[in-house]
Amino acid sequence: MVKYIIKRLLLALLILFSVSIILYFLVRCMPMDYFDIKFASAISSGNMSEEDVLHIKALYGLDDSSFIGILKGYWSWLSGFLRGDMGQSFIFPDRVEDVIKNKMGISFGISFVSLILELIIAIPLGIKCACNQYGKLDYTATVLCMIGMAFPSFFLGNLLIKWFAVDLGWFDPMSGLVSSNLPQDASFMARMLDMLWHLVLPLTVFVILNIGSIMRYTRTNTLEILNADYIRTARAKGLSEGKVIYKHVFRNTMIPLITMLTFTLPTLFGGAMITEEVFDLPGIGQAAYKALNEGDIPLIMGYNMFIAVLTVVGVLISDIMYAIVDPRVKLA
């Protein structure tokens, strides 16, 4: 196991190095960066010249867009990254690592709660549908889940805002995490309740978009296990259907599900760009979306490398967890 982990960590370093090179070159090949956007009006009005903008870019190593210039910029970024310094964000007053640290908690809290709700609903529903294959519940749940998965997040979010915030006024104002008219001296409980009320619609969007994949995955795995020989043997021994389902089928269904859930690590900490932007949630996803729109290269690189590290760690945990829950799997 230790030898396998060391080999995977070395491979992970090579993967992260390759990802960082590709990301940096893609970011530097964007048609406009932060300084081009920021000083576009000043250049058009004649208050600044292009030489002035290039001089400012040179301070950040962004003035040379040739292959060699990009390589020099990448080496400068990599040197800082290895020291734990991701640079200063252009659109936020904090450094990139501080932006990620400060905004990651909000995204994690929302994603974690939505994941718990998805599991509570999707796993029992998937098992129930598998046990009643091609029944009314199976067809109904499958159709509804496929419809939910097909909705774009921005469309579903705006649809819920239109219905429940604008038309019915239940969640008005529907923006941010707290109401603008909340008193400054409000108690902690009042603030928490107000925040939870603002999270009802975003959580609904998260659950509707993601519940279908978990339910279908659970249903497929359960159907495979129901057709296994040991399940027929358990039934032949006279075990009740409840014991067969919840003692044998359910436990073995969890093995691939545990593996799948480890891939949610980047989602838990990485936020959801579109959904956070639609509901104006100050999470890391919204920060990354703004950085992408405004050409904030340090924050774009820091966020994407953060996601890449989480993805690599998630894959490693997935392999280890699979070996733990399934003794038949041996890691070499």
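A salt bridge is counted here when a side-chain nitrogen of Lys or Arg lies within 4 Å of a carboxyl oxygen of Asp or Glu, and by this rule the predicted model comes to 6 salt bridges.

**Figure 1. The whole chain of this predicted model is built from helices, with 16 helices and 0 strands.** Along its principal axes the C-alpha trace spans about 85 × 60 × 35 Å, and 41% of the 332 residues count as buried. Among the contacts with a separation of 6 or more, 72% are between residues that are 24 or more positions apart. The chain exposes about 18,400 Å², of which carbon and sulfur atoms supply 67%.

**Figure 2. A salt bridge joins Asp138 and Arg219, with their closest N and O atoms 2.8 Å apart.** Because Asp138 belongs to helix H7 and Arg219 to helix H10 (residues 200-226), this pair ties together parts of the chain that are 81 residues apart in sequence. Asp138 counts as buried, at 3% relative accessibility, and Arg219 is buried as well, with a relative accessible area of 9%. Helix H7 (residues 136-150) also holds Thr142, which is buried at a relative accessible area of 17% and which, leaving aside neighbours within four places in sequence, is in contact with Met215 and Arg216.

**Figure 3. Within helix H6, the side chains of Asp98 and Lys101 meet in a salt bridge of 3.9 Å, N to O.** Since the two residues are 3 apart in this helix, Asp98 and Lys101 are separated by about one helical turn. An α-helix has 3.6 residues a turn, so residues three or four places apart point the same way. Asp98 is partly exposed, with a relative accessible area of 27%, whereas Lys101 is exposed at 54%.

**Figure 4. The largest nonpolar core has 39 residues, and those that touch the most other members are Tyr24, Phe35, Leu62, Trp77, Ile100, Leu299 and Met301.** Two or more residues of this core come from each of helix H1 (2-28), helix H2 (34-38), H5, H6, helix H15 (284-294) and helix H16 (297-325), and the largest share, 11 residues, comes from H16. Leaving aside neighbours within four places in sequence, Tyr24 is in contact with Leu62, Ile70, Gly73, Tyr74, Trp77 and Met301. A second, separate core of 25 residues includes Ala130, Ala141, Leu226 and Leu257.

**Figure 5. Helix H5 (residues 67-82) has the span expected from its 16 residues.** At 1.5 Å a residue, H5 should span 22 Å, and its end C-alpha atoms are indeed 22 Å apart. The buried residues of H5 are Gly69, Ile70, Gly73, Tyr74, Trp77, Leu78 and Gly80. Just after H5, Gly84 takes a positive phi of about 85°.

**Figure 6. Phe112, Val113, Ile116, Leu117, Ile120 and Ile121 make a nonpolar surface patch of about 490 Å².** Phe112, which lies in helix H6 (residues 96-131), is partly exposed, with a relative accessible area of 40%.

**Figure 7. His248, in helix H12 (residues 241-261), is shown with the residues that it touches.** Not counting residues up to four places away in sequence, His248 touches Tyr230, Ile231, Ala234, Leu239 and Lys243. The C-alpha atoms of His248 and Ala234, which are 14 residues apart along the chain, are separated by 8.6 Å, and His248 counts as partly exposed at 23% relative accessibility.

Notes. Residues numbered from 1 in each chain as written. Predicted model: local features only at pLDDT ≥ 70, side-chain atom pairs only at ≥ 80, totals over all residues. Heavy atoms only, no water. Patch = residues over 30% accessible without salt bridge, like charges linked within 9 Å, V, L, I, M, F, W, Y side chains within 5 Å. Areas by Shrake-Rupley, 256 points an atom, 1.4 Å probe, with all protein chains shown as cover. Helix = DSSP H or I, 4+ residues; strand = E, 2+ residues; numbered from the N terminus. Buried < 20%, exposed > 50% of the residue type's maximum accessible area, 1.4 Å probe, protein only. Contact = heavy atoms within 4.5 Å. Expected span 1.5 Å × (residues − 1). Core = buried A, V, L, I, M, F, W, Y, C linked by side-chain atoms within 4.5 Å.
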